[in-house]
Amino acid sequence: MTTRRKFLTQAGMLSAGLMIAPNLLLANKDRIVGLQMYSLRDQLPKDPKGVIAKIAAAGYREVETFGYSKQGGFWGLDAKAFSDVLKANGLKTPSGHFGMDEFLLQGKTTELENNIAAANATGMSYIVIPSVNGEALKSADSFKKIAEKMNKAAEICGKAGLKLGYHNHNFEWKPVDGTTFYDTILKETDAKLVHMEMDIFWVVRAGQDPVKLFKQHPGRFALCHIKDRDKKQTDLNTEIGKGSIDFKTIMMHAKEAGLKHFIVEQENFTNIDPYVSIAESAAYVKNVLHV
């Protein structure tokens with residue numbers, strides 16, 4: 001039986017240990033880290049259920065989808081079946097990348113309505129625009145028109161209980177008519193309606209500073225892609241923590257940015273099994289970045 005004196009002694013040792021290593025509690029805390037499923041785009045069509053199980057085994061509790069269509073669903077699974085597989089593996093999907101060019105460029109609502117139905121069926125909170133067809137981004141006026149469509153799409157999503165997000169690459173910072181598409185989105189869209197998903201790799205590759213953007217637009221970034229940059233082949237990715245991006249500094253500003261969802265993505269793998277890779281990245285984000 002533990003005596004009061006023994007208990008106090010042990011408690012004192014624990015307190016002393018935490019003073020020496022204050023990050024121990026953080027390192028052991030069960031954090032929610034997501035994976036953008038595009039990382040495993042080569043594996044998913046062959047065995048979506050098996051891949052989902054392996055994602056959970058790698059340490060993830062959330063996934064972000066891509067590539068949905070009403071005809072093909074999520075890799076052959078309709079929205080309900082896909083949701084059931086996620087639940088069976090202890091996973092949730094707070095967001096998905098959905099094609100939006102039909103609405104943004106043509107004003108047609110069918111695709112958007114299908115996306116909303118799928119998002120609600122799977123319990124998502126965010127419909128994220130993964131990109132915009134670059135052919136439509138030729139002038140500052142075209143930037144504004146698309147930003148206006150984003151506001152309208154966000155209003156439609158809002159009526160369905162969803163939020164709209166925008167995911168960047170690097171082309172958004174190409175100067176056109178004295179401005180950029182990214183600056184236009186931030187200026188012309190309603191901050192309460194259109195949420196930004198910062199892909200940190202692409203921000204850095206565009207020569208921009210993630211922390212500076214967080215400071216300039218506090219609270220605007222609800223989601224982020226944590227994607228590292230290979231030190232030698234800078235157009236390629238690598239496991240989080242092995243590359244050149246200073247995620248430790250960037251993540252110190254997560255609260256200021258408004259970040260709620262931290263999503264690992266790796267678009268290419270070099271001499272490493274993809275499942276080993278995503279497990280390494282999950283462990284680093286949980287135990288080192290403390291998001």
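Let's start with Ser95, which has its place in strand β3, a stretch covering residues 92-97. Keep in mind that this is a predicted model. From Ser95 we'll move on to the aromatic rings, of which the structure holds 12 pairs.

**Ser95 and its surroundings**
- Is Ser95 buried or exposed? Ser95 counts as buried because its relative accessibility is 0%, and buried means under 20%.
- Who does Ser95 touch, once you leave out residues up to four places away in sequence? The contacts are Val63, Glu64 and Thr65, then Met124, Tyr126 and Val128, plus Leu223 and Ile263.

**Aromatic pairs**
- To describe a pair of aromatic rings, you give the distance of the centres and the angle of the planes.
- Among the 12 aromatic pairs in the structure is the one formed by Tyr68 and Phe74, which is tilted, with 4.7 Å centre to centre and 40° between the planes.
- Both partners here, Tyr68 and Phe74, are buried.
- Phe74 also forms a tilted pair with Trp75, this time with 6.2 Å centre to centre and 45° between the planes.
- Like Phe74, Trp75 is buried.

**The cluster and a charged neighbour**
- Which residues join up with Tyr68, Phe74 and Trp75 in one aromatic cluster? They are Tyr38, Phe66, Phe82 and Phe98.
- Tyr38, a member of that cluster, has Arg41 lying over its face, at 4.3 Å from the ring centre.

How values were computed
Residues numbered from 1 in each chain as written. Predicted model: local features only at pLDDT ≥ 70, side-chain atom pairs only at ≥ 80, totals over all residues. Heavy atoms only, no water. Helix = DSSP H or I, 4+ residues; strand = E, 2+ residues; numbered from the N terminus. Buried < 20%, exposed > 50% of the residue type's maximum accessible area, 1.4 Å probe, protein only. Contact = heavy atoms within 4.5 Å. Phe/Tyr/Trp six-rings, centres within 6.5 Å; stacked < 30°, edge-to-face > 60°. Lys NZ or Arg CZ within 6 Å of the ring centre and 35° of its normal.
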